[in-house]
Amino acid sequence: MDIFNKAKESLSAAGKGFTQRASDVSGLAKITMKIKEEEKQLDQSLKELGALLFNQYNPEAQQLFPQETENIRQLYAALKQDREEMAYLKGKKICPNCGEELDGDVQRCTSCGMNVENVVRPSQIQAFCSSCGSQLTPGSKFCNNCGAKIE
Ligand SMILES: [Zn+2]
Ligand SMILES: [Zn+2]
């Protein structure tokens with residue numbers, strides 16, 4: 001038997017095998033489920049790795065992926081602000097220290113004990129530090145996060 005015939009034979013054998021497996025409905029359903037589950041786990045693992053890189057290797061990640069890390073940073077900031085705004089719309093407020101949702105008239109955070117009397121509604125603060133992007137306290141001359149002068 002020459003090489004060509006050998007190859008043909010192994011091809012048709014593979015084809016037969018495939019047909020047999022494809023007609024095995026429960027086997028197909030099983031592997032479909034398995035693939036879905038594996039895809040889900042892969043997705044989750046990649047997400048976790050991304051979060052690890054972003055949180056633990058932030059400067060390195062920023063250097064390697066400036067665009068992506070900047071997008072994530074902006075989304076975190078926007079999300080934080082929108083969550084606070086949502087809390088206000090529900091008559092509540094968010095502890096700036098621990099993120100706990102509190103009743104609007106609470107003076108101290110019930111979770112961490114921080115004084116939350118002067119927490120300001122986000123939509124009343126529009127200014128962000130041009131250097132580090134953190135939210136600025138109205139009327140302040142310097143960023144209370146990075147110390148940059150506010151223009
Ligand atoms: Zn708190
Ligand atoms: Zn700053």
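Cysteine 143 is buried in this predicted model, since 21 other C-beta atoms lie within 10 Å of its own and 20 are enough to count as buried. The residue sits in the segment after strand 2. Leaving aside residues up to four places away in sequence, Cys143 touches Cys129, Ser131, Cys132, Ser134, Leu136, Ala148 and Ile150. Phe128 is 15 residues from Cys143 along the chain, and the two C-alpha atoms are separated by 8.6 Å.

Gln135 turns up in that segment after strand 2 too. Despite being a glutamine, this residue counts as buried, because 20 C-beta neighbours fall inside 10 Å and the cut-off is 20 or more. Asn145 lies ten residues away from Gln135 in sequence, with 8.6 Å between the C-alpha atoms.

Stepping back to the whole chain, the fold has four helices and two strands, and reads α-α-α-α-β-β along the sequence. Not much of the protein is buried: 7% of the 151 residues make the grade. Contacts between residues at least 6 apart in sequence tell a related story, as 9% of them join residues at least 24 apart.

As for confidence, pLDDT averages 83 over the chain, and 80% of the residues score at least 70. The mean is lowest in helix 1 (residues 3–22), at 57, whereas helix 2 has the highest, at 94.

Helix 2 takes in residues 25–56, 32 residues in all. At 1.5 Å a residue a helix of that length should span 46 Å, and the end C-alpha atoms are indeed 46 Å apart, so the two figures agree. None of the residues of helix 2 is buried, so the helix lies largely in the open.

Helix 4 gives a similar check on length. Its 24 residues reach 34 Å from the first C-alpha to the last, close to the 34 Å expected at 1.5 Å a residue. Gln81 belongs to this helix, which covers residues 66–89. With 16 other C-beta atoms within 10 Å, Gln81 is partly exposed, because that count falls between the 12 or fewer of an exposed residue and the 20 or more of a buried one. Ile94 is 13 residues from Gln81 in sequence, and the C-alpha atoms of the pair are 9.9 Å apart in space. Just after helix 4 comes Gly91, which takes a positive phi of about 75°.

Ile94 also shows up in the largest nonpolar core. Seven residues make up this core, namely Ala87, Ile94, Cys95, Leu102, Cys109, Val116 and Val119. Leu102 makes contact with several of its fellow members, among them Cys95, Cys109 and Val116. Leu102 also touches Lys92, Lys93 and Thr110, again not counting residues up to four places away in sequence.

Technical notes. Residues numbered from 1 in each chain as written. Chains lettered and ligands numbered in written order. Predicted model: local features only at pLDDT ≥ 70, side-chain atom pairs only at ≥ 80, totals over all residues. Core = buried A, V, L, I, M, F, W, Y, C linked by C-beta atoms within 7 Å. Contact = placed C-beta atoms within 7 Å. Expected span 1.5 Å × (residues − 1). pLDDT = per-residue confidence, 0-100.
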